[in-house]
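This report describes how the parts of one molecular model are arranged and how they meet. The sequence and structure come first.

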Amino acid sequence: MSLVHLDVAAVRADFPALARTVRNDKPLIYLDSGATSQKPVQVLDAERSCYERHNGAAHRGTHLLGEEATDVYEGARAKVAAFLGADVGEVVFTKNATEAINLVAYALSGSGRLQVRPGDEILITEMEHHANLVPWQQLCERTGATLRWLTVTPEGRLDLDHLDSMITGRTRLVAVTHQSNVTGTIPPVAEIARAAHEKGALVLADAAQSVPHQPVDVAALGVDFLAFSAHKMLGPYGIGVLFGRAELLEAMPPFLTGGSMIEVVRMEGSTFLPPPQRFEPGVPAVAQAAGLAAAVDYLNALGMGNVAAHEESLTAHALDALREINGVRILGPDTTKDRGGAVSFEVEGIHPHDVGQVLDELGIAVRTGHHCAWPLHRAFGVQASTRASFYVYNTHDEVDALADGIRYAQRFFGAG
Amino acid sequence: MQLQSMYQDIILDHYRNPHHKGLRDPFDAEVHHVNPVCGDEVTLRVALKDVGGEAVVEDVSYDSLGCSISQASASVMSDLVIGRPVGEAMTISQAFLELMQSKGEGEPDEDVLEDAVAFVGVSKYPARIKCALLGWMAWKDATARAMEGTQ
């Protein structure tokens, strides 16, 4: 196991939410960062200071506040670009990862050289979050293209045995998760991207669960598009990112249209700005961008390698602790190899809702249900599961509390 | 610990030994309802009969997958509505809905709701109200369809 250089006590002191108590005056044990992370005071301060000092509409007007807001917004873009190893013009701010993926799916059904046509194919996987699944179903419905998908092995890995035959000359895009929100599985995206590019297909990675938790370099991954949300990486709600290679963004028609994204508007028709502004209509979410920039600073200060090592250590502990409990079945890889810190499991004889309710009573927040990955649960032959997901502020004691909580639930319901 | 107030023994008993479970013939309408948050689902059938010009619930049968609350609630619901005139059963259904919307403050009438009074604790947990209502909503839907079919 790698050495962890992360002062968890110091990190926890930065998160006001972790100081509160929950039901029965229990301290909060927050194991639901896969759904949304808690926010450090640095991010909250950045948003507040933006509203207090720089609240003007970015990219319009001539007054000082507007100029400062523009600087904040574009400064955030530069910071995100550096975080990803991308050029600043390749970072599009969206509402969230879901909107970023929809942007690409919409652009591919619009006019231009990227247009998907009847007979074309889109390849996805059974492991996807609905956000990287439903937009592609809809794209195929709009265009007459065919949706195909890679299946999942019983261990929760992508079945890549047929990758070469699944990517055909007709495949226009391969959309794959960079880290499963259910099993934590990290598919070999770079390998998939190489195979896709050999056949002339584009590649989109859903990085909602990877960018917050591991170092991500878009060039090393070799992807054409990558999407994630700020709120899962210590940042605010309401802002997300689409990375797109410059020449692709340039070839894409706009998605949402209106102010800010136009070049010239006449009653007869309009022309549009170059990317990334082409894809950012309306007054920009400046305070949210400031919060995202502060989150990037916070993660950079910790070091993404340290973040990943800390989570790997917690995940290893959780896998060991859960394996020891009779009647608990872990969905997905049972080692930390190519696996992030989301651990979903079944407790025999107890529905996940009931497991979650008992844990909540103990102050432990987990996710229950299908986690927006219904087909993956179907592939595992389960209706729903309970998920614990870890982040920078979680401790080994909290992992032990989870295991104790599961045993308590088993006693309460007379199972196990 | 408030767990016991939510998971009262009545609820756990119905969960472990659900009443009227399993799909039966004949039936007048069948519906399939899901809770999209968790994937819990119920397939429910209603058979009505005409008693002196009044529609009476002759049978409710169901097949379901779900948590203790949704399973127990469907079981309690079937006890409450089978054998009753549809109008009366709808009144009970309304009383149960109001109980679920009471945020734990409801004072349910045991003469009306019988075992269903045990769900008052559930109404404190917004995330679980849908679980408790899944079977009831399916029954209302199926009954409305059956009534249309008989008109």
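## Domains, helices and chains

In this predicted model, the C-alpha centres of domain 1 of chain A and domain 2 of chain A lie 28 Å apart. Domain 1 of chain A covers 8–36 + 303–412 and domain 2 of chain A covers 44–300, with bounds from an automatic or database domain assignment. Residues are numbered from 1 along each chain as its sequence is written, and chains are lettered from A in the order in which they are written. Local features need pLDDT of at least 70, side-chain atom pairs count only at pLDDT 80 or more, and totals for chains, interfaces and linings use all residues.

The contact between the domains (C-beta atoms, placed from the backbone, within 7 Å) takes 25 residues from domain 1 of chain A and 26 residues from domain 2 of chain A. On the domain 1 side, helix 11 of chain A gives the largest share, six residues.

Helix 2 (residues 41–53) and helix 10 (residues 286–302) of chain A have axes, fitted to C-alpha atoms over the stretch in contact, that come within 8 Å and cross at roughly 150°. Helix 2 of chain A is therefore roughly antiparallel to helix 10 of chain A (an angle over 145 degrees).

Chain B places 12 residues in contact with 14 residues of chain A. The table divides two touching sides by class; Ala, Val, Leu, Ile, Met, Phe, Trp, Tyr, Cys and Pro count as nonpolar, Asp, Glu, Lys and Arg as charged, and the others, Gly among them, as polar.

| Side | Nonpolar | Polar | Charged |
|---|---|---|---|
| Domain 1 of chain A, touching domain 2 of chain A | 12 residues | nine residues | four residues |
| Chain B, touching chain A | eight residues | four residues | no residues |

Notes: Contact = placed C-beta atoms within 7 Å. Axes fitted to C-alpha atoms, helices over the stretch in contact; angles between N-to-C directions. Helix = DSSP H or I, 4+ residues; strand = E, 2+ residues; numbered from the N terminus. Parallel < 35°, antiparallel > 145°, perpendicular 65-115°, else oblique.
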